[in-house]
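Could you walk me through this protein structure, starting with its aromatic rings? I have never looked at it before, so please take it one piece at a time.

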Amino acid sequence: MEQQDQHSEEIRELRFQLEEAQETINAIRTGQVDALVVKDTDGHQLYTLKTADQTYRVFIEKMSEGAVTINSEGIILYCNTRFAVMANTPLEKAIGAPLASFVPDQSKTALEELIHSSWNEECRLEIILKDGGGKDMHCMFSCNTIELDGGTALSIIVTDLSLLKETEKQLQLRNEQLEESRANAEKLNNTLEATVKERTHDLVISREHFKLLTNNIVQMTWTNLPDGNVNSYNQRWYDYTGKDFEATAGLGWKELIHPDDLKMTIEKYTHSLATGEMFEVENRYKRHDGVYRWHLNRAQPLKNDKGEIIFWVGTATDIEDQKREMDRKDEFIGIASHELKTPLTSLKGYLQLIAGYKKEQLPPIITQYINKAGVSINKLQSLINDLLDVSKIKAGRLEYSLNDVNITELVNQCVENAEHVYSSYIFEKQIEGDPIVKGNNERLEQVLMNLINNAVKYSQNDKNVLITVKKNNNKARVSVTDHGIGLSQHQQTRIFERFYRVEDRKNMTSGLGMGLYISQEIISNHNGTIGVDSETGQGSTFYFELPLV
Ligand code: ADP
């Protein structure tokens, strides 16, 4: 019982001491007292803040840095609330505790050395502070000695470096990122520079390549601007014309074109510039020695991404030799067909004599042979006639007399012939009005028969052929419609050319590609037009129109 009372007494005493300590701490913090007594190994010691005043202590208390005062033993005589928070210790426990107890082992020596040196001079060092939560806090310990009544003490300002460290870390990270970006930019720049160099090199090569190419091909070449002005020629041009750039630049080339070809050339050139369509014309250019030679000119526009023409690239190919060859070929065709015509005429005559030989009855088989020979001779004759016509056209000598021609009669006559020759075909006629035109009956018959023959030849699967006659705007229009193989758009533009035939092995038939060429010549000599409407696989309608009388 007595022991219990003693314990209670001790507890009370301790509580009292604690309260007293608490009060003292508060009193110091708030500046109510200037001195305190600390119990250490040497007994009780009294410490007084020499310059203590309330403002000073309030200021210390409010500081964002930790403030610690230690005695020569390293015991904390005083610390502000901020330090207690940094050390994660209640303020009352911090005061009186050794400063080293708030420092992890690895920093202990550094702290010792710092304190040791600081008694002599002002020192600062980075020290780690245990924050109690297990996470260490990098701090700057700045030490100064201060004079207290009880002797010299060390005042230490503890600055939290974590924010600084974090900022430094961030800064370093940013620096690293910056460095990386800079390196990337440099790399990109280098690549770009290399690409530009490469492209420039490529450009130079391709320009040189183009120059080499244009200067070494046999054609003359030029480039012209969208307004038609020529801005470059290749070496061939200068060699051929004997002129320099200034003399033929812009539209200067006109002076070198044969006067007979100039109008047509200008017309086609202007048309191409206006429409962007390919320029193609045959004309004669004057050589440096004054001789004109035929050339085939072609120019294609070069367009940018927006489809606008930047310039035209043109070539002029010397076709003088081909032209001569063609002339020789035409001459040969003319002579050969003429030479063939004479024996053929006598052959035909003799065959007629044989057929008409009445003295003896001919065996039926002979009559059959004579008829067959007659058909072949007729075919041969029409072939020779076509060849003769072609050479006459070339020589500009396809001449014939003009009379009034009754188109209805002409059509009836031709259809009758066709029905006779192609008995398996059905010919339908649709005739409107009774048009009369000025023309040569035989030649117009030749044209119509040619169209009917073609309709039959190129529609082996559908044997219906329609022939119509219409009056239209003071013109008579005759057309022949079949439901045969038809023609593509491209083929339609070419079939009126001399010797042109559609190359199609499947539908290949005999022929020389002269019929439509001759027909076109005849119709244009009659001041008329000839044309075709067709679709591949659907059939064709060939027509011609002639002015009415
Ligand atoms: P060809 O003797 O070859 O028939 P043409 O001058 O009469 O000569 O015709 C030229 C080419 O036009 C022919 O080879 C053929 O390919 C084509 N052609 C003419 N008429 C027709 C038609 N009615 N249908 C389809 N193709 C045709």
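Let's begin with a group of rings: Tyr233, Trp237, Tyr238, Phe245 and Tyr285 together make up one aromatic cluster. Keep in mind as you look that this is a predicted model. Across the whole structure, a search turns up 10 aromatic pairs. One of them joins two members of the cluster, Tyr233 and Trp237: their ring centres are 4.4 Å apart and their planes meet at 5°, so this pair is stacked. An angle under 30 degrees is what earns that word. Both partners are hidden from the outside. Tyr233 has a relative accessible area of 10% and is buried, and Trp237 is buried too, with a value of 3%.

A pair with another geometry is formed by Tyr269 and Phe279. Their centres are 5.3 Å apart and the planes stand at 75° to each other, an edge-to-face arrangement. Which elements does this pair connect? Tyr269 belongs to helix α9 and Phe279 to strand β10, so the pair ties together parts that are 10 residues apart in sequence. Here again the rings are covered: Tyr269 is buried at 7% relative accessible area, and Phe279 counts as buried at 4%.

Tyr269 is a good doorway into helix α9 itself. This helix covers residues 259-275, 17 residues in total, and spans 25 Å from its first C-alpha to its last, close to the 24 Å expected at 1.5 Å a residue. Which of its residues are buried? They are Asp261, Thr265, Tyr269 and Ser272. To read that list, it helps to know that an α-helix has 3.6 residues a turn, so residues three or four places apart point the same way. The buried residues of α9 pack against five strands: β8 (220-224), β9 (230-233), β10 (279-286), β11 (292-303) and β12 (309-318). Just after the helix comes Gly276, which has a positive phi, near 80°.

Now step back to the chain as a whole. It is divided into domain 1 (29-160), domain 2 (217-315), domain 3 (324-395) and domain 4 (403-547). Between the C-alpha centres of domain 2 and domain 3 there is a distance of 48 Å.

Rings can also have a charged group over them. Lys323 lies over the face of Trp294, 4.4 Å from the ring centre. Elsewhere, the charged end of Arg477 sits over the ring of Tyr543, at 3.9 Å from its centre.

What about the cysteines? The structure holds 0 disulfides. Take Cys143 as a case: the nearest cysteine sulfur belongs to Cys123 and is 6.8 Å away, and Cys143 is in no disulfide. For a disulfide, the two sulfur atoms would have to be within 2.5 Å. Cys143 counts as buried, at 1% relative accessibility, and Cys414 is buried as well, at 0%.

Two residues let us compare a covered place with an open one. Ala455 is part of helix α13 (residues 441-457) and counts as buried, at 2% relative accessibility. Leaving aside neighbours within four places in sequence, Ala455 is in contact with Val465, Val480 and Asp482. Ala455 and Asp321 are 134 residues apart in sequence, and their C-alpha atoms are 37 Å apart in space. Lys93, in helix α4 (residues 91-94), is exposed, with a relative accessible area of 60%. Lys93 and Ile76 are 17 residues apart along the sequence and 9.9 Å apart in space, C-alpha to C-alpha.

Let's finish with the backbone. Most residues other than glycine have a negative phi. Asn88, however, has a positive phi, near 55°. Asn88 lies in the loop between α3 (81-86) and α4 and is partly exposed, with a relative accessible area of 48%. Asn474 also has a positive phi, of about 60°, although it is not a glycine. Where is Asn474 found? Its place is the loop between β16 (464-472) and β17 (475-481), and Asn474 is exposed, at 65% relative accessible area.

Technical notes: Residues numbered from 1 in each chain as written. Predicted model: local features only at pLDDT ≥ 70, side-chain atom pairs only at ≥ 80, totals over all residues. Heavy atoms only, no water. Helix = DSSP H or I, 4+ residues; strand = E, 2+ residues; numbered from the N terminus. Expected span 1.5 Å × (residues − 1). Buried < 20%, exposed > 50% of the residue type's maximum accessible area, 1.4 Å probe, protein only. Contact = heavy atoms within 4.5 Å. Domains from an automatic or database assignment. Phe/Tyr/Trp six-rings, centres within 6.5 Å; stacked < 30°, edge-to-face > 60°. Lys NZ or Arg CZ within 6 Å of the ring centre and 35° of its normal.
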